[in-house]
Amino acid sequence: MTEHTAQLFAITTGSAEPIYRQLIEQVRRLAAAGVLAPGDTLPSVREVAGTLAVNPMTVSKAYNLLEMEGALERIRGQGMQVAQRKPGGQKEREALLRPSLERAAREARQLELDDHTILELFKQVLKEEK
């Protein structure tokens, strides 16, 4: 996993969302999608901080919060690993996507787009992402 740290995480420095929250959300999404499997070891705090050019305390905070929620577990001598998943994969993935959809819906309403136009645009974006 070490050589893929740059590909594993991507941060947006100008975002209103703090970097530690970006990292948390990325780990959650990668685990929900199966990109990170239970037992996979995450890159060390030092590796991630160095690769992303962020403060190590930021990465440590993200890892610690993920450990507290049960998404990661600290294995002595091996670092942080993805914890075993709890049942409910589809619901978990839907819950992760919902905030993004809510933001998109608010923006669409602010732009005064009708439901048909919004749905057609979303279908188009889905086709483009295949």
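A salt bridge here is a side-chain nitrogen of Lys or Arg within 4 Å of a carboxyl oxygen of Asp or Glu. Arg 28 and Glu 69 form one, with their closest N and O atoms 2.7 Å apart. Please keep in mind that this is a predicted model. With that said, here is a friendly tour of the fold, its charged pairs and its surface.

**Overall fold**

- The protein chain has 6 helices and 2 strands.
- Following the sequence from start to end, the pattern of the protein chain reads α-α-α-α-β-β-α-α.
- Along the principal axes, the C-alpha atoms of the protein chain fill a box of roughly 55 × 35 × 25 Å.
- Of the 130 residues in the protein chain, 25% are buried.

**Confidence**

- The average pLDDT of the protein chain is 86, and 90% of the residues score at least 70.
- Helix H1 (residues 5-8) has the lowest confidence in the protein chain, with a mean of 64, whereas H4 has the highest, at 95.

**Salt bridges**

- How many salt bridges does the rule give? The count comes to 6.
- The pair of Arg 28 and Glu 69 has its closest N and O atoms 2.7 Å apart, and this pair links distant parts of the chain, 41 residues apart.
- Arg 28 sits in helix H2 (residues 19-32), while Glu 69 belongs to the loop between helix H4 (56-68) and strand S1 (72-75).
- Arg 28 also takes part in a network of salt bridges that links it with Glu 25 and Glu 69.
- Glu 67 and Arg 74 form another salt bridge, and here the closest N and O atoms are 2.9 Å apart.
- Asp 115 and Arg 109 meet through their side chains in a salt bridge of 2.6 Å, N to O.

**Exposure of the charged partners**

- Is Arg 28 buried or partly exposed? Arg 28 is partly exposed, because its relative accessible area is 21% and buried means under 20%.
- Glu 69, its partner, has a relative accessibility of 37%, so Glu 69 counts as partly exposed.
- In the second pair, Glu 67 is partly exposed at 28% relative accessibility, and Arg 74 is partly exposed with a relative accessible area of 49%.
- Arg 74 does not count as exposed, because that class requires a value over 50% and Arg 74 has 49%.
- In the third pair, Asp 115 counts as partly exposed at 44%, and Arg 109 counts as partly exposed at 48%.

**Nonpolar surface patch**

- Which residues form the nonpolar patch on the surface? They are Leu 97, Leu 101, Phe 122 and Leu 126, with about 340 Å² of accessible area together.
- Helix H5 (89-110) and helix H6 (115-128) are the elements that give two or more residues to this nonpolar patch.
- Leu 97 is found in helix H5, and Leu 97 is partly exposed with a relative accessible area of 40%.
- Leu 97 can be part of a patch because patches take residues with over 30% relative accessible area, and Leu 97 has 40%.

**Aromatic rings**

- The structure holds 0 aromatic pairs.
- Where does Lys 61 lie relative to Tyr 20? Lys 61 lies over the face of Tyr 20, at 4.0 Å from the ring centre.

How values were computed
Residues numbered from 1 in each chain as written. Predicted model: local features only at pLDDT ≥ 70, side-chain atom pairs only at ≥ 80, totals over all residues. Heavy atoms only, no water. Helix = DSSP H or I, 4+ residues; strand = E, 2+ residues; numbered from the N terminus. Buried < 20%, exposed > 50% of the residue type's maximum accessible area, 1.4 Å probe, protein only. pLDDT = per-residue confidence, 0-100. Patch = residues over 30% accessible without salt bridge, like charges linked within 9 Å, V, L, I, M, F, W, Y side chains within 5 Å. Areas by Shrake-Rupley, 256 points an atom, 1.4 Å probe, with all protein chains shown as cover. Phe/Tyr/Trp six-rings, centres within 6.5 Å; stacked < 30°, edge-to-face > 60°. Lys NZ or Arg CZ within 6 Å of the ring centre and 35° of its normal.
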